[in-house]
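Student: I have a structure to read with you, and I would like each term tested against its definition. Could we look at it together?

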Amino acid sequence: MHHFDYRGGVLHAEDVAIPDIAAAIGTPFYCYSSATLERHYRVFADAFKGQPARICYSVKTNSNLAVVATLARQGAGADVVSEGELRRALAVGIPPEKIVFSGVGKTEGEMAFALETGIDQFNVESEPELELLSALAAARGLTARVAIRVNPDVDAKTHEKIATGKAENKFGISWKRAPAVYARAKDLPGIEASGIDVHIGSQLTDLAPFEAAFARVAGMIEELRAAGHQIAHIDLGGGLGIPYRGDNDIPPHPDEYAAMVKRTVGHLGCSLTFEPGRLIAGNAGILVSRVIYEKRGDDRAFLILDAAMNDLIRPTLYDAFHEIRAVAEPAGDAEQAVYDVVGPVCETGDFLARGRRLPRLQSGDLVAIMSAGAYGAVQASTYNTRPLVPEVMVRGDIFQEVRARPSYDAMLKQDIIPSWLD
Ligand code: LLP
């Protein structure tokens with residue numbers, strides 16, 4: 001459920017007409033609905049009422065401070081993967097006690113900063129990382145609360161580039177090696193390894209892989225406890241998918257996911273952490289773009305937009321499907337055409353959709369690329385020296401730019417011509 005609907009024949013974000021935003025700031029731009037962000041957060045949180053669960057929003061999904069602040073006001077904690085993301089979470093007032101730090105390559109500097117900040121949990125992904133964290137914590141007279149991220153060797157049945165739970169993936173420590181790592185952690189100063197962490201991938205549309213991974217974690221906890229380890233916390237990561245194709249592919253509801261969690265790990269008496277990202281932000285954002293040209297080739301028709309792969313890389317990187325809507329609602333009997341929807345970037349991989357049936361469009365028309373709130377703006381670049389795409393947030397009948405489009409002057413000033421070329 002989201003708050004992007006046609007009203008009076010025009011696509012709106014909540015109570016704001018999309019063409020009004022386009023007129024004010026130009027295109028392309030991302031537009032977020034704060035009501036949708038809040039709603040998705042609540043649906044997920046409500047699913048876990050009665051379970052000892054906390055929600056640490058995965059900041060990488062959409063790290064605009066306006067988005068993170070909106071969720072912080074709802075009570076969200078944060079899952080961060082870099083010092084930059086940690087600083088974003090802190091900047092909007094998320095207390096360190098609600099922050100967990102994930103990632104395979106935390107540097108010494110990042111871990112030192114996180115320790116000094118007093119974050120709640122380090123999700124440790126390798127033995128060298130554990131040793132370094134111990135040294136850094138002990139040197140400061142601190143104790144790092146650690147969850148060992150285990151790799152359960154489970155196929156998440158999602159796109160290969162976003163599957164993280166197989167033995168061949170770089171993530172986590174083999175579940176077979178985990179007992180030895182907990183034993184080592186017990187001997188290390190500055191480490192309290194009282195948690196276990198798992199995250200097998202993103203955009204999972206079936207509960208079975210989750211259930212297999214969580215059951216493996218439950219078995220491991222029993223084994224670890226039998227070996228004398230006090231395991232009190234489970235971090236089950238994120239990964240629950242969202243519908244990208246309207247009503248045709250509805251993934252399991254958070255209520256079903258929560259029931260499965262209870263079934264697999266509920267008896268262990270552990271506190272639970274979740275790191276949802278896409279589920280909260282995905283359908284809370286759209287990318288709005290203007291048609292530059294409609295071009296009829298020998299083989300097919302192209303709709304050339306002013307948004308491109310540098311603004312939304314998901315279609316070309318993950319073969320992702322994003323619904324595309326005309327901002328002016330097409331009449332039921334409107335002429336249709338099949339388009340490759342592309343951008344101006346000089347690469348054949350620059351497309352937002354291929355072979356897509358849409359109402360016939362022409363230069364100047366606005367389109368909305370739906371479900372673009374997760375892994376959209378955060379993965380944008382300035383390739384082809386295109387200004388970084390701006391972001392807007394809507395609340396009711398007001399909208400505000402939450403990241404402005406940089407000027408060409410500002411972009412060019414980032415580079416420095418070396419003195420020997422003066
Ligand atoms: N926790 C960890 C440790 C993660 O690596 C991720 C996502 C999440 C939580 C949040 O997962 P979510 O609930 O959003 O599925 N750029 C890709 C997705 C990359 C996911 C990376 N990790 C895409 O556009 O599909």
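Tutor: What follows is a discussion of the ligand site and the domains.

Tutor: This is a predicted model in which local features need pLDDT of at least 70 and side-chain atom pairs count only at pLDDT 80 or more, while totals for chains, interfaces and linings use all residues. Residues are numbered from 1 along each chain as its sequence is written, and side-chain values use heavy atoms, with hydrogens and water left out.

Student: What makes the pair formed by Glu275 and a nitrogen atom of the ligand a polar contact?

Tutor: A polar contact is a pair of N or O atoms within 3.5 Å; a side-chain N or O atom of Glu275 lies 2.6 Å from a ligand nitrogen atom, so the pair meets the definition. By the same cut-off, the 2.8 Å between a polar side-chain atom of Tyr318 and a ligand nitrogen atom qualifies, as does the 3.0 Å for the side chain of Gln379.

Student: How do you know which classes the residues of the shell around the ligand belong to?

Tutor: Asp, Glu, Lys and Arg count as charged, Ala, Val, Leu, Ile, Met, Phe, Trp, Tyr, Cys and Pro as nonpolar, and the others, Gly among them, as polar; on that basis the shell has six charged, four nonpolar and nine polar residues.

Student: Where do the domain bounds come from?

Tutor: An automatic or database domain assignment supplies them, and the chain is divided into domain 1 (4–31 + 282–413) and domain 2 (103–274).

Key. A polar contact is a pair of N or O atoms within 3.5 Å; within protein, one must be able to donate a hydrogen and the other to accept it, and residues adjacent in sequence count only if both atoms are side-chain atoms.
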